[in-house]
Amino acid sequence: MSIVTVQLGQCGNQIGFEVFDALYTDSHCPQGLCSKRENEAYQASCKERFFSEEENGVPIARAVLVDMEPKVTSQSLSKAAQSGRWKYGQHSCFCQKQGSGNNWAYGYSVHGPRHEEAIMNLIQKEVEKCDSLSGFFIIMSMAGGTGSGLGAFVTQNLQDQYSNSLKMNQIIWPYGTGEVIVQNYNSVLTLSHLYRSSDALLVHENDAVHKICAKLMNIKQISFSDINQVLAHQLGSVFQPTYSVEGSCHYRRNPLGICPLFNLSNKMYVKYTYRNIFFSSCLELFIKCLASFPLIGIDWQVRPPLSGLPTLGKVSLNRELHFNTSIANLVILRGKDVHSADLGGFKDPALYTSWLEPIHAFNVWKTQRAFSKYEKSAALVSNSQFLLKPLDTIVGKAWNMFASKAYIHQYTKFGIEEEDFLDSFALLEQVVASYCNL
């Protein structure tokens, strides 16, 4: 089953290029851990999902590139073509000459309706190339104008026109120190609109990825390219083919299969993190990674709450645990010794909300086919309380600005009224409350 990727704005198009490049590179990495037959099945499955028919022997990405300025899309098209390994379709790009000026309202209310037909026609053409459509993967920023505003508009249209297909949005959480003055407004509007139309959100925080580049990769002068390559690497580790049933001989056909897992939470937000973990009998290492986010600054003393621990409602009185209750977890193991890895700790009921049994809350996918250059690797996708603090912070900052009417005129002149803000605040505050009560 195939995925149609929609790359939106500067951020979405830059990351999208790196994702396709990482997927292609991985699928063609020499492998000695799995059989030739299994490796060929892996390559075929990857190609079916992310690439369509070949043109002069070069596979074409199943993607639509959208931006209101031509610079980044032109660069992406050129870089893909020059690689000689894969490329974008000749007619898969839509761009204009004027951006959105970091105004969410302009992207959503002006560019969206004005170019709706042209953009949706490009997406439909990509869908028609698929023998079987799995769903849509939408890559976008959360705090800009085109990526976030137009991205929310396009996602809403995809929900209207392809209601039975899965929609997964990968969004970039802005730096806490600020990128644009209205980023908190844009973020609140983006999240509230995606909540209504997306099946799952994969969230990456710029601050966390920046720390990965600085502390784990020891990069001195960190560029956006460095950050985007880390993001692509993480996404590839989740989206590449894998088995979902023990002893299966066929790679899973639905690469967006993590979406139904997280629908259990009524489309609450998905927190996605990744680390290359060398595992043999490292059960406790998995538990620590599960119970402590983000990747950088892990408190290695974190433990799941003990049964019988005194609680006040559902919140532990032992504040030193810093424990994030989860709704659902997915672990993906790749490479050597995957079948001997002990994951029993993930089935501990203490990790999960009381209304969901671990048998329904935890899934594991495995394959002996290694990812990229790693002999062993693991990826964790978790829907937990981790996003409570950053979400509450963004809502609070946006509300403080809204209370003083700061910059509201920039939105109302393009059709986003104060009532729209109030609706968005109310929805996200309810999400925060729901996660607090897990």
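Is Tyr411 buried or exposed, and at what relative accessibility? Keep that in mind as you work through these exercises on a predicted model.

**Exercise 1. Place Tyr411 and follow its aromatic partners.**

Step 1. Start with accessibility. Buried means under 20% relative accessible area, and Tyr411 has 1%, so it counts as buried.

Step 2. Look for a partner ring. A pair of aromatic rings is described by the distance of the centres and the angle of the planes. A search of the whole structure finds 21 aromatic pairs. One of them joins Tyr185 and Tyr411, with 5.6 Å from centre to centre and 85 degrees between the planes. Planes over 60 degrees apart count as edge-to-face, and that is how this pair of Tyr185 and Tyr411 is classed.

Step 3. Locate both rings in the chain. Tyr185 belongs to helix H6 (residues 183-197) and Tyr411 to helix H13 (residues 409-412), so the pair ties together parts that are 226 residues apart in sequence. Tyr185 is buried, as is Tyr411.

Step 4. Now turn to Phe421. Tyr411 and Phe421 also make an edge-to-face pair, at 5.4 Å centre to centre and 80 degrees between the planes. This pair links H13 with helix H14 (residues 418-436), where Phe421 lies, and the two residues are 10 apart. Phe421 has 0% relative accessibility, so it is buried.

**Exercise 2. Examine the loop between H12 and H13 at Lys405 and Tyr407.**

Step 1. Check the backbone. Lys405 is not a glycine, yet its phi is positive, about 65 degrees. Tyr407, likewise a residue other than glycine, has a positive phi near 65 degrees.

Step 2. Check the exposure. Partly exposed covers the range between under 20% and over 50%. Lys405, at 44% relative accessibility, therefore counts as partly exposed. Tyr407 has a relative accessible area of 31%, so it is partly exposed.

Step 3. Follow the Lys405 side chain. Its charged end sits over the ring of Phe402, 5.1 Å from the ring centre.

**Exercise 3. Find the neighbours of strand S12 and say how enclosed the strand is.**

Step 1. Count the buried residues. In S12 (residues 326-335), 10 of the 10 residues are buried, so the strand is largely enclosed by the rest of the structure.

Step 2. Take the antiparallel neighbour. S12 pairs in this sense with strand S14 (residues 376-384) over 9 bridges. To find the pairing on your screen, try Gly335, whose bridge partner in S14 is Lys376.

Step 3. Take the parallel neighbour. Strand S13 (residues 362-367) pairs with S12 in the parallel sense over 6 bridges. Here Val331 has Val364 of S13 as its bridge partner.

**Exercise 4. Describe the second largest pocket and its lining.**

Step 1. Begin with volume. The second largest pocket holds about 680 Å³ of space.

Step 2. Find its centre. Of the 30 lining residues, Gln10, Cys11, Asn102, Ser141 and Gly144 lie nearest the centre.

Step 3. Trace the lining to its elements. Those giving two or more residues are helix H1 (9-27), helix H3 (70-83), helix H5 (146-161), strand S7 (166-173) and helix H8 (224-239). H1 contributes the most, with 5 residues.

Step 4. Sort by residue type. The lining divides into 12 nonpolar, 14 polar and 4 charged residues.

Methods:
Residues are numbered from 1 along each chain as its sequence is written. This is a predicted model: local features need pLDDT of at least 70, side-chain atom pairs count only at pLDDT 80 or more; totals for chains, interfaces and linings use all residues. Side-chain values use heavy atoms; hydrogens and water are left out. Rings of Phe, Tyr and Trp (its six-membered ring) pair if their centres lie within 6.5 Å; planes under 30 degrees apart count as stacked, over 60 as edge-to-face and the rest as tilted. Helices (H or I, at least four residues) and strands (E, at least two) are DSSP runs, numbered from the N terminus. Buried means under 20% relative accessible area, exposed over 50%, partly exposed in between (1.4 Å probe, protein chains only). A charge sits over a ring if NZ of Lys or CZ of Arg is within 6 Å of the ring centre and within 35 degrees of the ring normal. On a 1 Å grid over the protein atoms alone, a cavity is a set of points where a 1.4 Å probe fits but cannot get out, and a pocket is an open set with protein on both sides within 12 Å along at least five of seven lines; lining residues have an atom within 4 Å of a point. Grid points are joined across faces, edges and corners, and a volume is the space filled by probe spheres set on the points. Ala, Val, Leu, Ile, Met, Phe, Trp, Tyr, Cys and Pro count as nonpolar, Asp, Glu, Lys and Arg as charged, and the others, Gly among them, as polar. Two strands pair if DSSP finds at least two bridges between them.
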